[in-house]
Structures are given as structure tokens and as C-alpha cells.
Amino acid sequence: ANPTKDTWLAQSYYWQKDYPKTIRVLKAQIDAAGKAKKAPTEAQLQMLAASATAQKDSTTSTHAYVLLATYYPKKEYWDLLLHELIVNAKIPPTLQLDVYRIRLAAGNISQAREFMDMTEIAVQAGLPQLGLDLMNQGYAAKVLGQGAEAPRQARLKAMVEKAAADKKAALASDEATAVKEKTGDDLLNVGYNTVLYGDADKGLGLMQQAITKGVNDVNLARLHYGLAQMQVGKKADAIATLKTVEGDNGTHDIAQLWVLKLSPQPVATKK
């Protein structure tokens, strides 16, 4: 195949506003580049993102931005990527916390109400220690604890500290109950909490056991398992787990972003 001719073909479809054909031609080119261990050009990826946006195809546009952020890591691509996640209507409420967490890791959160919101979601999800960790990041960044809202934030922090202590005290009985259940959903949470309270090996083991037992959303479970591995410093394991996350409701996109964040350099080299 002639790369120049192919690019010209994609451009001509793009100028005719024939976005489905543009996307088809570009996807083939980008896949071929990937197989050849070469980086797609920035122009190809920008055209793919623009065509997919015009088609309201958020899965393809997010994928294009993931590749742009991988090969051409500019802040604007990360911002666009995170924006895609925020506006993606397919993302269920169960993933809101994960959207917040990848935004936080990418330096995309600067408002007190966002820290408060994600803390509350973590507590509601039965992960109060995670909520406390996130809240502490807000204090460390001097986003929380300032100004007129500081007393309200301090009250929430005291509540979350108590919830985290209560959850820790109840961990053994939670585990005993969860082990007996038909599905692994509660056990997954117990395992995650065990990791958060500092017992990494046991917690990761329980999470694995939960996934094997069967959970409501295996991709969400794998995403959290990967994040738990990351939390305890098992970076290579975390990347391997996150690469197995699929799904079209945002889990795959969020996992890809974590892989990007944790991997030092792109997979292919620009030749």
C-alpha cells in the first residue's frame, strides 16, 4: 500500500464530509501502522478524531485521542480525552468515581466540589478509606481546607474518617458474609478494602477469588483489580491487568488511560 496515496484518499473523503469512509480508511491505515510497530501520523489521528466526533462515535474518538496521547503526549490531547469521558453518555453512574480518579491522576481536577463529590461516591460505594485517601489528596493540593467552605469540608472529613475506621473494624465479618454469597461482588469490595487497609497480598487474593466466582461487571472488577495492584506498587501486574479490560461503557477507555499513565513510553517507535 502507498501511504501517501492512502492519506490522500482519507483526506478526500474527509473534505467531502464522508466521515464513515474516512473512518474506515484511517482505521485500516492506523491498524497497519500498529502491526508494523510504527506510530500513526498525528494528522491521521486528528482526522480520525474529528471524523468520529462529527459522527458522534464517542468510542472511536476516544480511541483516537488515546493514540494521540500515547504517541504525541500533549496536555491538550489528555484534556480532550478526559472531556470525552466526562461527556460520554454511555458511562454509567458506577464509573463516575473511576472517571474522577483518572482525571485526578492526570492533573485535571482543581475544584473543591469535585474532591467532595468523589469522596462521597467512594463512601457510598463502600470504600471509605479510598474516599479518605482522595480527600487527603485534596488537602495536600490545598484545594480543600481553604476559605468559607473549609468547616464543611472538615465535617465531611471527620465523617469519612469514622466510616473508614468502622469499615476496618467490620472487615473480618464482612469477609465471612461475602465468602458465602453466590456472586463475588461483595467479596471484591472486601478485597479492595483489605488492600486499602494495608494487607496487599490477602486483599488482591480476595479480589481474584471474587472475579473467578463471578461478578456483575467483570470489566469494572478488572479495572479495580488493576488499580489495587497499582496502589501496592505492582506496576507491571497492574498494566497487564488493565490491558484485559474491555467493554464499551467507558471501562476500556479508563483502563487504557491508566495504562498510558503507568507506561513510560509508547509501544511503537516513530521511524
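Contact means heavy atoms within 4.5 Å. The exercises below concern a predicted model, in which local features need pLDDT of at least 70, side-chain atom pairs count only at pLDDT 80 or more, and totals for chains, interfaces and linings use all residues. Residues are numbered from 1 along each chain as its sequence is written, and side-chain values use heavy atoms, with hydrogens and water left out.

**Exercise 1. Determine which residues glutamine 44 touches, and whether glutamine 44 is buried or exposed.**

Step 1. Locate the residue: glutamine 44 belongs to helix α3, residues 42-54. Helices are DSSP runs (H or I, at least four residues), numbered from the N terminus.

Step 2. List the contacts. With residues up to four places away in sequence not counted, glutamine 44 touches Thr7, Leu26, Gln29 and Ile30.

Step 3. Examine the side chain, which reaches the backbone nitrogen of threonine 41 at 2.9 Å.

Step 4. Classify the accessibility. Buried means under 20% relative accessible area and exposed over 50%, with partly exposed in between (1.4 Å probe, protein chains only). Glutamine 44 has 9% relative accessibility and therefore counts as buried.

**Exercise 2. Describe the surroundings of leucine 206 and of asparagine 193.**

Step 1. Leucine 206 is in helix α12, residues 200-213. Its relative accessibility is 6%, so leucine 206 counts as buried.

Step 2. Not counting residues up to four places away in sequence, leucine 206 touches Glu175, Leu187, Val190, Gly191 and Thr194. For glycine 191, the separation from leucine 206 is 15 residues in sequence and 4.8 Å in space, C-alpha to C-alpha.

Step 3. Asparagine 193 lies in helix α11, residues 185-196. Its relative accessible area is 2%, so asparagine 193 is buried.

Step 4. Neighbours within four places in sequence aside, asparagine 193 contacts Gly126, Leu127, Pro128, Lys167 and Leu171.

**Exercise 3. Establish how helices α5 and α15 pack.**

Step 1. Helix α5 (residues 75-87) and helix α15 (residues 251-262) pack at about 155 degrees, with their axes 11 Å apart. Axes are lines fitted to C-alpha atoms, for helices over the stretch in contact, and angles run from 0 to 180 degrees between N-to-C directions.

Step 2. Angles over 145 degrees count as roughly antiparallel; α5 and α15 are therefore roughly antiparallel to each other.

Step 3. The crossing of α5 and α15 is left-handed (the near helix is turned anticlockwise from the far one by less than a right angle).

Step 4. Trp78, Leu81, Leu82 and Leu85 of α5 meet Asp253, Ile254, Leu257, Leu260 and Lys261 of α15. By class, this contact has seven nonpolar, no polar and two charged residues.

Key. Helices (H or I, at least four residues) and strands (E, at least two) are DSSP runs, numbered from the N terminus. Angles under 35 degrees count as roughly parallel, over 145 as roughly antiparallel, 65 to 115 as roughly perpendicular and the rest as oblique. Ala, Val, Leu, Ile, Met, Phe, Trp, Tyr, Cys and Pro count as nonpolar, Asp, Glu, Lys and Arg as charged, and the others, Gly among them, as polar. A polar contact is a pair of N or O atoms within 3.5 Å; within protein, one must be able to donate a hydrogen and the other to accept it, and residues adjacent in sequence count only if both atoms are side-chain atoms.
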